[in-house]
Every structure is written in structure tokens, then in C-alpha cells.
Amino acid sequence: MRVDTLIVGGGVMGASIALARARRTDPIEAPVLLLERRHFGAGSSGRSGAICRQFYSDRELIGMARDSLRDYAGFETRHGRPIGFTRSGVLTIGGPARPETAQLVARNAALMAECGAEIELVDARRMRALVPGIDVSAGAVGAWEPNSGFVAPQRTVDAFVAVAREAGATARSGGEVEELLLDGARVRGVRTSDGDFECERIVIAAGPWTRRLLQRAGIDVPLKVVRPE
């Protein structure tokens with residue numbers, strides 16, 4: 001099978017890339033293929049806390065999070081597929097016991113406001129009003145995002161895959177990508193447990209398995225797997 005764009009990894013990244021690409025191509029002239037070795041969302045996407053927040057220290061990440069929040073918030077309205085988006089608000093706190101965290105909260109809040117994110121820098125009294133029962137020190141500061149919230153992780157991945165298929169992408173699960181097929185220094189496809197797939201371009205969105213897959217092609221990307229809370 002030959003496709004225009006092949007995406008390896010059926011988490012939320014791979015599924016959203018497949019959707020975005022399928023919207024821009026003709027399914028006959030330039031087909032899009034998404035491959036997942038187990039089931040869609042089987043990796044970290046399906047186990048994610050799925051918090052939609054904008055609290056970052058880089059303009060690029062804030063802008064991406066701002067636009068993503070808008071996309072998640074309106075997903076069900078646009079596509080008729082629920083993803084469990086809940087606008088709970090997100091509060092990030094810096095306490096007086098560690099002054100550097102309070103400084104970070106204030107700095108990020110100012111940057112978020114510059115980037116067009118709806119954000120309010122709040123003191124301890126305001127936090128207690130926002131979150132009844134919260135135990136917060138008098139000198140604490142918080143960044144309150146009233147429009148942020150969370151989604152249902154597995155439902156979101158499944159919805160992205162379904163909408164990508166509606167846009168013309170092919171999504172296949174249950175076959176493992178074993179190696180990249182090279183033509184000199186150029187990737188020409190992949191070898192999977194279900195056979196070979198040729199492609200014009202490839203996107204590796206395999207999360208913690210990305211480095212191992214790329215190493216087989218002589219490419220070493222400094223990715224490190226960590227286990228967050």
C-alpha cells in the first residue's frame with residue numbers, strides 16, 4: 001500500500017495530525033494513513049490527566065495551549081462527538097515557602113495575558129473564594145484560568161480518530177511498526193507486522209517508543225521517558 005502521509009502512533013498527537021492532514025489533502029490523490037500497534041489511545045494519551053491549561057513559560061507553548069483549548073471547547077459543537085470537555089477552571093499556585101514559585105506564577109501570568117490567554121493573578125483570599133475549603137497560605141499567589149478545564153482522555157482520542165476517518169484518513173490498529181524503510185538517507189516507508197507501507201512523508205508520534213524506532217534508522221533523538229504524577 002502506498003500513501004502520501006503516514007503517521008505512526010495513535011495517541012492524541014497522531015490522531016490530530018492525521019485529521020489536520022486529511023483536511024488538506026484528497027483521499028484518492030494523497031491518502032493519509034494512521035498506524036497504531038495496539039488500540040488507539042493505548043499509550044500515555046489514554047492515561048493522561050487530560051488537563052487543558054495554558055500555564056507555560058514560553059510564548060510558543062502558551063499560544064499552542066490557547067488555540068488547543070478553543071479547539072477542545074468547541075469540538076463537540078463542530079463534530080457532534082462528545083469528548084467530555086469540562087470548563088472547571090484551572091488554578092496554579094505558588095506559595096511563600098518557596099518564593100521562586102510565586103515569582104514563576106506571576107511571571108507566567110503576565111506572559112499569558114500578553115499572549116491573549118484569559119488569566120487572573122489572584123491572592124490567597126481570592127483563591128479561597130474560588131475554591132471553598134482550600135487550605136492556602138496568606139502569602140500565596142495563584143494564576144486562575146477560568147476557561148480552562150479537562151477532557152475525557154480515551155473518548156477524546158477515539159473522537160479524533162473518528163473525525164479523521166470522516167475527513168478521508170485511514171486509521172489502522174493492531175499492527176506494529178517494526179522498522180523504517182530507507183532509500184539512502186530518505187525514509188520511503190515502514191515495515192510492520194502486517195506488511196510494508198510506502199509513503200511520501202512520515203510523522204513519528206509514538207511517544208516513548210519514538211526514540212527506539214528512530215534509532216533503528218540511525219537517528220538518535222534525545223528523548224527521555226519520565227513518569228509524572
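This report looks at two helix packings and a cavity in a predicted model.

**Helix H5 and its partners**

A good place to begin is helix H5, residues 153–166. Two packed helices are described by the angle between their axes and the distance between the axes. The table sets out these values for H5 with H1 and with H2.

| Helix pair | Angle between axes | Axis distance | Handedness of crossing |
|---|---|---|---|
| H1 (residues 12–24) and H5 | about 20° | 8 Å | left-handed |
| H2 (residues 59–79) and H5 | roughly 50° | within 12 Å | left-handed |

Let us take H1 and H5 together. Their axes lie 8 Å apart at an angle of about 20°, and that makes H1 roughly parallel to H5, because angles under 35 degrees count as such. On the H1 side, the contact is made by Val12, Ala15, Ser16, Ala18, Leu19, Ala22 and Arg23. These residues meet Thr156, Val157, Phe160, Val161, Val163 and Ala164 of H5. Sorted by class, the contact of H1 with H5 has ten nonpolar residues, two polar ones and one charged one.

Now turn to H2. The axes of H2 and H5 cross at roughly 50°, so the two helices are oblique to each other. Here H2 offers Asp71, Tyr72, Phe75 and His79, while H5 answers with Thr156, Ala159, Phe160 and Val163. The classes in this contact come to five nonpolar, two polar and one charged.

If you have the structure open, try finding Thr156, Phe160 and Val163 on H5. These H5 residues are listed in the contact with H1, and they are listed in the contact with H2 too.

**A cavity in the model**

How many cavities of 30 Å³ or more are there? The count comes to one, and about 50 Å³ of space lies in the largest cavity. Its lining is made up of Leu35, Glu36, Arg172, Ser173, Gly175, Thr192, Asp194 and Phe197.

Which elements give two or more residues to this lining? They are strand S2 (32–36) and strand S8 (170–173). By class, the lining divides into two nonpolar, three polar and three charged residues. Among the lining residues, Leu35 and Phe197 count as nonpolar, whereas Glu36, Arg172 and Asp194 count as charged.

Definitions and conventions. Residues are numbered from 1 along each chain as its sequence is written. This is a predicted model: local features need pLDDT of at least 70, side-chain atom pairs count only at pLDDT 80 or more; totals for chains, interfaces and linings use all residues. Side-chain values use heavy atoms; hydrogens and water are left out. On a 1 Å grid over the protein atoms alone, a cavity is a set of points where a 1.4 Å probe fits but cannot get out, and a pocket is an open set with protein on both sides within 12 Å along at least five of seven lines; lining residues have an atom within 4 Å of a point. Grid points are joined across faces, edges and corners, and a volume is the space filled by probe spheres set on the points. Helices (H or I, at least four residues) and strands (E, at least two) are DSSP runs, numbered from the N terminus. Axes are lines fitted to C-alpha atoms, for helices over the stretch in contact, and angles run from 0 to 180 degrees between N-to-C directions. Angles under 35 degrees count as roughly parallel, over 145 as roughly antiparallel, 65 to 115 as roughly perpendicular and the rest as oblique. A crossing is left-handed if the near helix is turned anticlockwise from the far one by less than a right angle, and right-handed if clockwise. Contact means heavy atoms within 4.5 Å.
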